[in-house]
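Grab a viewer and work through these exercises one at a time. Try each task before you read its solution.

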Amino acid sequence: MKKLLLWGSLAVIGASLTSCDDFLDDNRDPMSQQTVNSTFWSNPVNVENQLNYFYETFVGYGNGTALGNFYFTTMSDDQSGQYGGTFRNWKYTSVPTSSSSWNSPYTEIRRANLVIEGVSGSTMTEADQKGYLAIARLFRAYNYYLLVRAYGDVPLIKDVVDVDNSDALYGPRTARAEVMDYALEDLNYAVENIPTQSSKTQFSKDLANAMKAEICLFEGTYSIYVAKNNERGKKYLNEVVNSCNAIMAGGYSIGDYALLYNSHNGALTSHPEVILAKCYQQGVFMHSTVDWTSGSTPIAGISKDAFDSFLFIDGKPKATTSENTDDAGVIDATGKLSIAAQLAVRDKRLAATIYDHIMYQDCPYQVGNTSNMTSTSGYGIKKYNDNVTHSLSDATTANKNYNDAPIYWLAEIYLAYAEAKAELGTLTDDDLDKTINKLYTRAGLPTQTVAGLNAINDPANNMGVSSLIWEIRRCRRCELMLDNDIRYWDLIRWGKLELCDTKKYPNVVLGANLKNATVDFAKTAEGYMDPRSELYGGLDRVYDKKYDLYPIPSEERALNPNLTPNPGWE
């Protein structure tokens, strides 16, 4: 495969190959003509050019001024409001005419099917064919996963379909379980046949296993908690364990937490934890994530609920710790509200995620290479800016940021492994030692045993699961906070999106403790910032079960009357 470090150039090329949003329109697909002649597909350059588009699946920190999947995906219980300081509602509140969540995956599925058909009929050696087919099948599986987790049942298109073939293009939705089983076949083929074992910037067997672990963890836990099919859940969770074991045997190791998010100009490829990185380069290919979290535009801060989820350094939650739990900011020598003392007694990942001063409307905070920052919750987002490498101009200007984005990395694998084993009832102390105890150590927390996690019994557990499962979910939340839209989809697969209801669970919209503040802001009787009253015009986000699935775009239903709507979106 061709080495490809800077993926953004492909987005420009890809744009010229797509037009109408409707996946029934042939012109939106990888090529305007169905190229199936053997000569074309027997040329590795032609095949690799098509496969390289799949890199654009990984949004990372975004391309140019476009928003990325880190920080910007604010629909969860981890962030209060959204970037720009406005109210954050559900991802969809009405049926859209069209949606990239539906169209884009089908574009890539058609691309994959074209490659599969073309390569299968080429004159390449069997070994070369298998390598290319494996990559195409990997991304076909991944895009079906994106569709299924968002929409549930979706049309399953297995082959290149002529636009005049009404039976295939205008058929009904396929049951989600059937689609995911088909995707699993593709995943297993990819793991078996991608020739490169590991590469931090290219398609590899390790990448295939990481993607398989993600997909199977979703399907396994969704089967248990939403579909109520334990046997199916176990099948997929065992696949998670197998994929994680394969990666953990590959020589990766835990590295510096901050450098996962603050390595620059391709340096992330040297991080021992990284499986795949999206690399940026100053002056060539850049993004805007640092700008949005370091400039004067209001930051979407983490919620009080997210802040409270971090354990204290004695390894205990807020309800049972012996550490000082007073979380009110204290006026320091600069006249600003400091929470440095509060961060010092918490999981180190909290201090790596937010700044040590509270910032809000009429009480901004500036440090290092940032502008005067304000936050919807008082907690500013530090995670993606090391305050050193970027100049003030680069850090606070759109399309001038060049830190690399992790796409898959070892911590995700450790967390998936521990969760799968816990759900299977087979988690041991040895399993903890080789996975999340390494994350606890990096976070400055005491290591744990299975019995110890079972004994914590945090009163804040509102998910109806065992203490063991709750603590593993907590570790996942804190480790991956604000990353890659992970928290939202975790809540979906656990059947717990209702925890984002701001009326039932007000801590998901509240912010920092302003008890000692000298600058006014709306707050609760206990002193916690209330952006709902101050910034959001009293708006609330009220849960309805229909939000568990996206609405199918009306344009698609008009084109294909056999596409029945999701419940509640009629």
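**Exercise 1.** Which helix supplies the largest share of the lining of the second largest cavity?

*Solution.* First, some ground rules: this is a predicted model, where local features need pLDDT of at least 70, side-chain atom pairs count only at pLDDT 80 or more, and totals for chains, interfaces and linings use all residues. Residues are numbered from 1 along each chain as its sequence is written, and side-chain values use heavy atoms, with hydrogens and water left out.

Step 1: find the space. On a 1 Å grid over the protein atoms alone, a cavity is a set of points where a 1.4 Å probe fits but cannot get out, and lining residues have an atom within 4 Å of a point. The whole structure holds five cavities of 30 Å³ or more, and the second largest has about 110 Å³ of space.

Step 2: look at the wall. It has 15 lining residues, with D78, L482, D483, I486 and R487 nearest the centre.

Step 3: assign helices (DSSP runs of H or I, at least four residues, numbered from the N terminus). Helix 19 (467–479) and helix 20 (486–493) each give at least two lining residues. Helix 20 takes the largest share, with four.

**Exercise 2.** Find what the buried side chain of K383 touches through polar atoms.

*Solution.* Step 1: place the residue. K383 sits in the loop between strand 5 (379–381; strands are DSSP runs of E, at least two residues) and helix 14 (392–395). At 2% relative accessibility, K383 is buried (under 20% relative accessible area, 1.4 Å probe, protein chains only).

Step 2: check its partners. A polar atom of the K383 side chain lies 2.6 Å from the backbone oxygen of M481. The K383 side chain also makes a polar contact (N or O atoms within 3.5 Å, one able to donate a hydrogen and the other to accept it; residues adjacent in sequence count only if both atoms are side-chain atoms) with the side chain of D483, at 3.2 Å.

Step 3: link back. D483 is also among the residues nearest the centre of the second largest cavity.

**Exercise 3.** Why is C216 in no disulfide?

*Solution.* Step 1: count disulfides (cysteine sulfur pairs within 2.5 Å). The whole structure has zero.

Step 2: check the distance. C216 goes unpaired because the closest cysteine sulfur, in C244, is 9.7 Å from its own, too far for a bond.

Step 3: compare C475. This residue is in no disulfide either, and its nearest cysteine sulfur, that of C478, is 7.2 Å away.

Terms used: On a 1 Å grid over the protein atoms alone, a cavity is a set of points where a 1.4 Å probe fits but cannot get out, and a pocket is an open set with protein on both sides within 12 Å along at least five of seven lines; lining residues have an atom within 4 Å of a point. Grid points are joined across faces, edges and corners, and a volume is the space filled by probe spheres set on the points. Buried means under 20% relative accessible area, exposed over 50%, partly exposed in between (1.4 Å probe, protein chains only).
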